[in-house]
Amino acid sequence: MATENELELLLKAAHEAKENSYSPYSKVKVGAAVLTQCGKILSGANVECASYGLGVCAERGLLTHAASRGFRSFKTIVVVSNLPEITPCGACRQFIVEFGTDIEVYTDCPVDGRGKPRKFGILELLPGAFTPRSLGTSGS
Ligand SMILES: [Zn+2]
């Protein structure tokens, strides 16, 4: 569980990452930041492609980056957007639960610069999730 200070840092990192979104087609800017169990914060943004189906969500791009750097255990992920409201898509929910069934998910879409983050548990967003445990493994 992120502390209040960690949540503030995550929100700041996610909003900063959102500004690096590569979204020339949809104009939907999404940023994400994740807090590892060891206290490190990593962030990323969505990346679109002229071949639309190849675009990558901020959350999946971020977790791919984090996992490829050796981080496999996460406390909290924050997702922000320039939309009035956002939650991770189904594919990203599946990707998040790959790394833990107790990961907390915050979303924030401030209007006029005043955000009111919403908190979810990943299993609240993906009930009955298919996890590494479903395959009889820890996933690591
Ligand atoms: Zn997604």
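**Exercise 1.** Locate lysine 27 in the chain and state whether lysine 27 is buried or exposed.

*Solution.* Lysine 27 sits in the loop between α1 (4-18) and β1 (30-36). Helices (H or I, at least four residues) and strands (E, at least two) are DSSP runs, numbered from the N terminus. The relative accessible area of lysine 27 is 56%, so the residue is exposed; buried means under 20%, exposed over 50%, and partly exposed in between (1.4 Å probe, protein chains only). Lysine 27 is not a glycine, yet its phi is positive, about 65°.

The model is predicted: local features need pLDDT of at least 70, side-chain atom pairs count only at pLDDT 80 or more, and totals for chains, interfaces and linings use all residues. Residues are numbered from 1 along each chain as its sequence is written, and side-chain values use heavy atoms, with hydrogens and water left out.

**Exercise 2.** Identify the protein donors of the zinc ion and give their spacing in sequence.

*Solution.* Donors are N, O and S atoms within 2.8 Å of the metal (3.2 Å for Na, K and Ca); water is not among the atoms, so sites may look incomplete. The SG atoms of Cys57, Cys89 and Cys92 are the protein donors, lying 2.2 to 2.3 Å from the zinc ion. Their spacing is C-x31-C-x2-C. Cysteine 89 is partly exposed at 32% relative accessible area, whereas cysteine 92 is buried at 1%.

**Exercise 3.** Describe the surroundings of the residue that UniProt lists for "active site".

*Solution.* The UniProt record, an unreviewed entry, lists Glu59. UniProt positions are given in the numbering used here, feature names are shortened, and annotations may be inferred rather than shown by experiment. Glutamate 59 belongs to helix α2 (residues 58-68) and is buried, with 4% relative accessibility. Contact means heavy atoms within 4.5 Å. Leaving aside neighbours within four places in sequence, the contacts of glutamate 59 include Cys89 and Cys92. Both of these cysteines are zinc donors.

**Exercise 4.** Determine what aspartate 108 pairs with, given that aspartate 108 is buried.

*Solution.* Aspartate 108 is in strand β4 (residues 104-108). First, test for a salt bridge, that is, a side-chain nitrogen of Lys or Arg within 4 Å of a carboxyl oxygen of Asp or Glu. Aspartate 108 has none; the nearest side chain of opposite charge, lysine 18, is 7.4 Å away. In this count Lys and Arg are positive and Asp and Glu negative, while His and the chain ends are not counted. Next, test for a polar contact: a pair of N or O atoms within 3.5 Å, where within protein one must be able to donate a hydrogen and the other to accept it, and residues adjacent in sequence count only if both atoms are side-chain atoms. The side chains of aspartate 108 and histidine 15 make such a contact at 2.8 Å.

**Exercise 5.** State how many salt bridges the structure holds and describe three of them.

*Solution.* There are 4 salt bridges.

- Glutamate 16 and lysine 12 pair at 2.7 Å, N to O; both lie in helix α1, 4 residues apart, about one turn of the helix.
- Glutamate 85 pairs with arginine 118, the closest N and O atoms being 3.1 Å apart. Glutamate 85 is in the loop between β3 (74-81) and α3 (90-97) and arginine 118 in strand β5 (residues 118-121), so the pair ties together parts 33 residues apart in sequence.
- Lysine 119 pairs with glutamate 104, with closest N and O atoms 3.3 Å apart. This pair links strand β5 with strand β4, 15 residues apart. Lysine 119 is partly exposed at 43%, and glutamate 104 is buried at 6%.
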